[in-house]
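Hi everyone, thanks for making time. I'd like to walk you through one model this morning, so let's put it up on the screen.

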Amino acid sequence: MRYGQSWFNTTSVALGFAFLYAPIVILVIYSFNDSKLVTVWGGFSTRWYSALLQDQAMLDAAWITLRLAFVSATIATVLGTLAAITMVRFGRFLGRTVFSGMIYAPLVMPDVITGLSLLLLFVSLDLDRGFWTVTLAHVTLTMCFVAVVVQSRLVVFDRSLEEAALDLGCPPFKTFFVITLPLILPGVIAGWMLAFTLSLDDLVIASFTTGPGATTLPMKIFSQVKFGVTPEINAISTILIAIIAVGVLVASLFGKRREVERQKAERLAAQQG
Amino acid sequence: MAVTETIAPKEKRGWLKWLLVAIPFAWLLVFFLIPFFNVFKMSFSTRARAMPPYKPVLDFADGIAGLWAQLQLFTPANYWTLISQSKYWQSYLSSVQIALISTVLILIVAYPIAYGMARAPRQWRSILVMLVILPFWTSFLIRVYAWIGILGNEGLLNGFLLWTGLIDQPLTILTTNWAVYIGIVYSYLPFMVLPLYATLEKMDETLLEAAADLGCPPTQAFWKITFPLSLPGVVAGCFLVFIPITGEFVIPELLGGSGTMMIGKQLWYEFFNNRNWPLASAVAVVLLLILVVPIVLFQNHQQAAEAGK
């Protein structure tokens, strides 16, 4: 390990992480600031949290956003998983280039373009804009992320397991649910979580595709920030950060435990075999 | 490989296969590809005081004659506006410029981080990767917003610099392009760190040992071995950040001032403030044309990476 840790590597990682985390930490600290001025420390207080609990519009927006993220992430996970299977399993088929283009392009496409084009579609279809149009938009965007995540899991998948089941007369649908899905589940869960957070986070596409009555939390936060910084935003940000951090930690610990158990089982099987 | 035995069940799955292909394909066709043609169509339309605020729409209701009459109203006027009014083409230029500079900055910042991570003790690596992903899973908007409090005139950075005595007048950072660069580098950093880490982590370290044994100094070994081998990660990272930054709206809107011209911001204003949907569409079409080459290259790169797995 001659090229292992050196002071340079350690410092660059430490500085990099300090850069990534400092703004978040500062935000969390200042959410407990008693002063109305965001940058002046006026003592510890939870007043912005209680102000938040009384802000009905903000709570409504949060509730809509959570429901939206849940519904769109679930649909996106189903579609994205199907798309990933298509990409990995079906080799060359007619229109594959177009298909993979449609999977990868939304990952990098600027939000303003995606948002505008979806809005014009909904207008030309004469759909009432609101919760469901935003859901459709978010499914379209996030299913591509799910597809990429699940795909990375599928490429390392041992297909002989599936083929064995099929050879033994297991019907394709059952094979999928009994063999394939459990094995790619970590990827599917990771995909769902990614879709959920992307939907929770999206401002631009939601702004284009929403209608009256469906203001999402990012839209609410954005309009408040535009009017001037309010300490309440720090409080709601802290709550969001906490929810996501806990979710990600639980999921990764869960995933890690499964992985360890799987490795243990494999080792045992190898010893016995 | 038990090839012969598996052919029969595979063929039985034929109908299922095509159904599976059809569902996501149809979805993306309807909600991703077709909408772009709609934008293209709209960009030749004219603005109207109505709801929705445009005319004409290619509507088949009035038959062929009606359709023909509508087609006559199609005009490239919106594109003339983009060419003749300097604020539009300047916005395109400055978007591409900001995206290029940011991409280089992000690469410079991300490389040492990814390198350090890839050389960290093995048991640490997955935790470090988690720590890179974690902020990227907390709200993008909130993370950009956090910088307002740091970069403002009475912000923490100025407070700190005044306290240390390095400056005696607060620096104006917020509402300048500097703030936009800081915000972009900060927000897009994980998109560069992760692909770089992925290639650096897979690198065969014995190559470096061989180089060292043959008397190659570490810096030279880096440029001759490590960097060329990490190029796939560099390319992937650059695409992942360059394309979305070009159309970025949130960061220039929150951190930049009126002097910060970016085309995503311009499109947003045309759409929401001026309610000029046809012009906003034309802005989107030209932005898409600018990004077609990088997007196609990105897609080919992804397909190559996927095939290489």
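I'll go from the fold of one chain to the interface and then to a pocket.

Keep in mind throughout that this is a predicted model.

Let's begin with chain A. There are eleven helices in chain A, and the number of strands is zero. Read from the N terminus, its elements are α-α-α-α-α-α-α-α-α-α-α. If you like dimensions, the C-alpha atoms of chain A fill a box of roughly 70 × 60 × 35 Å along the principal axes.

Now, the interface. The size of an interface is often given as the accessible area lost when the parts come together. Here, chain A and chain B bury about 8,800 Å² between them, and 79% of that is on carbon and sulfur atoms. In terms of residues, 95 from chain A are in contact with 97 from chain B.

What about polar pairs? Across the interface of chain A and chain B, eight residue pairs are in polar contact, with both residues at pLDDT 80 or more. The salt bridge count between the two chains is zero. On the side of chain A that touches chain B, helix H1, residues 7-30, gives the largest share, with 14 residues. That side of chain A divides into 64 nonpolar, 22 polar and nine charged residues.

Last stop, for the pocket people. The second largest pocket holds about 910 Å³ of space. It is lined by 48 residues, and the closest to its centre are A:Thr197, A:Leu198, A:Asp201, A:Asp202 and B:Phe140. By type, the lining has 37 nonpolar, six polar and five charged residues.

Thanks for listening!

Conventions:
Residues are numbered from 1 along each chain as its sequence is written. Chains are lettered from A and ligands numbered from 1 in the order in which they are written. This is a predicted model: local features need pLDDT of at least 70, side-chain atom pairs count only at pLDDT 80 or more; totals for chains, interfaces and linings use all residues. Side-chain values use heavy atoms; hydrogens and water are left out. On a 1 Å grid over the protein atoms alone, a cavity is a set of points where a 1.4 Å probe fits but cannot get out, and a pocket is an open set with protein on both sides within 12 Å along at least five of seven lines; lining residues have an atom within 4 Å of a point. Grid points are joined across faces, edges and corners, and a volume is the space filled by probe spheres set on the points. Ala, Val, Leu, Ile, Met, Phe, Trp, Tyr, Cys and Pro count as nonpolar, Asp, Glu, Lys and Arg as charged, and the others, Gly among them, as polar. Contact means heavy atoms within 4.5 Å. Buried area is the accessible area (1.4 Å probe) that two parts lose on being put together, summed over both. A salt bridge is a side-chain nitrogen of Lys or Arg within 4 Å of a carboxyl oxygen of Asp or Glu. A polar contact is a pair of N or O atoms within 3.5 Å; within protein, one must be able to donate a hydrogen and the other to accept it, and residues adjacent in sequence count only if both atoms are side-chain atoms. Helices (H or I, at least four residues) and strands (E, at least two) are DSSP runs, numbered from the N terminus.
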